[in-house]
Amino acid sequence: MKTNSEIKNEALAALRGKWGYFLLLSVAYWTIIALIETSGIWCSAMQQNNFEGQFLRYGPKLWISIAIIPVLRWGYEIICLRNQRGEQTRAGNLFDGFKQYGRIWTTQILVLLYTSLWSLLFLIPGIIKSLSYALTPYILLDEPELSRNTAIERSMQMMDGHKKRLFLLFLSFIGWIILAFAVCSLIIYTLYSIYHLFIFTNELLTFYYYCLIVYYCAIGLCFLWLVPYIGASLAVFYEDVKADWAHRAA
């Protein structure tokens with residue numbers, strides 16, 4: 001089995017010469033998410049202090065988020081896996097999950113639902129289960145005959161004995177994540193200062209919405225390089241666990 005250091009080095013090797021492509025891919029990915037998560041702005045003119053007004057503001061954002069983001073995330077993860085395998089990918093592959101929308105979306109939502117239910121018991125069971133389900137997106141690609149609970153159960157079987165390894169792999173990125181959030185906070189503070197002193201006076205653009213826009217833009221800027229690195233590392237981890245699974249099944 002590969003060590004976390006070997007996994008990360010292999011991930012960096014797979015990204016070598018392709019950082020520009022993955023940075024642009026991350027820009028597209030985060031831009032779509034930012035547009036969805038800030039969609040309430042476009043309904044602000046309809047704001048009313050009643051249920052109907054609140055639904056018009058937040059309803060579209062909620063349903064669009066639920067309908068699109070899980071499938072979009074799957075597309076990003078699969079691009080990382082295909083790149084790890086030396087396959088040619090393009091930005092359009094980000095939307096591959098919509099070609100089998102029902103299968104991908106329902107499985108992703110079930111993973112989220114099960115993790116949330118386990119988290120209600122306590123934080124630790126939720127973390128353990130999220131690690132158990134982590135390989136589900138890749139299994140959906142490699143075993144198209146599996147879907148929903150069957151793919152989730154396969155992930156749990158494959159992750160038996162590997163959850164600690166994956167947890168430590170995630171922990172190895174914590175320093176970079178903290179640094180990225182620190183830079184993000186600095187960007188938010190700086191841009192808000194500019195906003196407050198010089199630029200926006202339009203009352204329709206409330207402080208809440210402004211901070212939301214800046215938050216997602218800053219997160220995207222800070223994580224442009226980190227998200228591909230983590231995605232590539234998870235792809236290497238999956239390939240390692242898959243090889244071990246095949247050996248155990250033989």
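Biologist: Which helices do the buried residues of helix 5 pack against?

Modeller: This is a predicted model. The buried residues of helix 5 are Gly126, Lys129, Leu131 and Ser132. They pack against helix 4 (101–121), helix 7 and helix 8.

Biologist: How are helix 5 and helix 8 oriented to each other?

Modeller: Helix 5 spans residues 123–132 and helix 8 spans residues 163–171. Their axes come within 9 Å and cross at roughly 100°. Angles of 65 to 115 degrees count as roughly perpendicular. Helix 5 and helix 8 are therefore roughly perpendicular to each other.

Biologist: How do the residues of the contact of helix 5 with helix 8 divide into nonpolar, polar and charged?

Modeller: From helix 5 come Ile127, Ile128, Leu131 and Ser132. They meet Lys163, Leu166, Phe167 and Phe170 of helix 8. The division is six nonpolar, one polar and one charged.

Biologist: Does Thr115 count as buried or exposed?

Modeller: Thr115 is found in helix 4. The cut-off for buried is under 20% relative accessible area. Thr115 has 16% relative accessibility, so Thr115 counts as buried.

Biologist: Which residues is Thr115 in contact with, leaving aside its neighbours within four places in sequence?

Modeller: Take Ile128 as a landmark in helix 5. Thr115 and Ile128 are 13 residues apart in sequence, and their C-alpha atoms are 8.9 Å apart in space. Contact requires heavy atoms within 4.5 Å. With those sequence neighbours left aside, Thr115 is in contact with Gly126, Ser130 and Tyr133.

Biologist: Which helix gives the most to the largest nonpolar core?

Modeller: This core has 45 residues, and Tyr76, Leu135 and Phe237 touch the most other members. Several helices each supply at least two residues, among them helix 1 (4–15), helix 3 (51–84) and helix 8. The top contribution is 11 residues, and it comes from helix 11.

Biologist: Which residues does Leu135 touch, not counting residues up to four places away in sequence?

Modeller: Leu135 belongs to the largest nonpolar core, as does Phe237. Phe237 is also one of the residues that Leu135 touches. The full list is Ser155, Met158, Met159, Phe237, Tyr238 and Val241.

Biologist: What share of the contacts with a separation of 6 or more joins residues 24 or more positions apart?

Modeller: Start with the whole chain: 11 helices and zero strands. Buried residues make up 43% of its 250 residues. Among contacts with a separation of 6 or more, the share from residues 24 or more positions apart is 77%.

Terms used
Residues numbered from 1 in each chain as written. Predicted model: local features only at pLDDT ≥ 70, side-chain atom pairs only at ≥ 80, totals over all residues. Heavy atoms only, no water. Axes fitted to C-alpha atoms, helices over the stretch in contact; angles between N-to-C directions. Helix = DSSP H or I, 4+ residues; strand = E, 2+ residues; numbered from the N terminus. Parallel < 35°, antiparallel > 145°, perpendicular 65-115°, else oblique. Nonpolar A, V, L, I, M, F, W, Y, C, P; charged D, E, K, R; others polar. Buried < 20%, exposed > 50% of the residue type's maximum accessible area, 1.4 Å probe, protein only. Core = buried A, V, L, I, M, F, W, Y, C linked by side-chain atoms within 4.5 Å.
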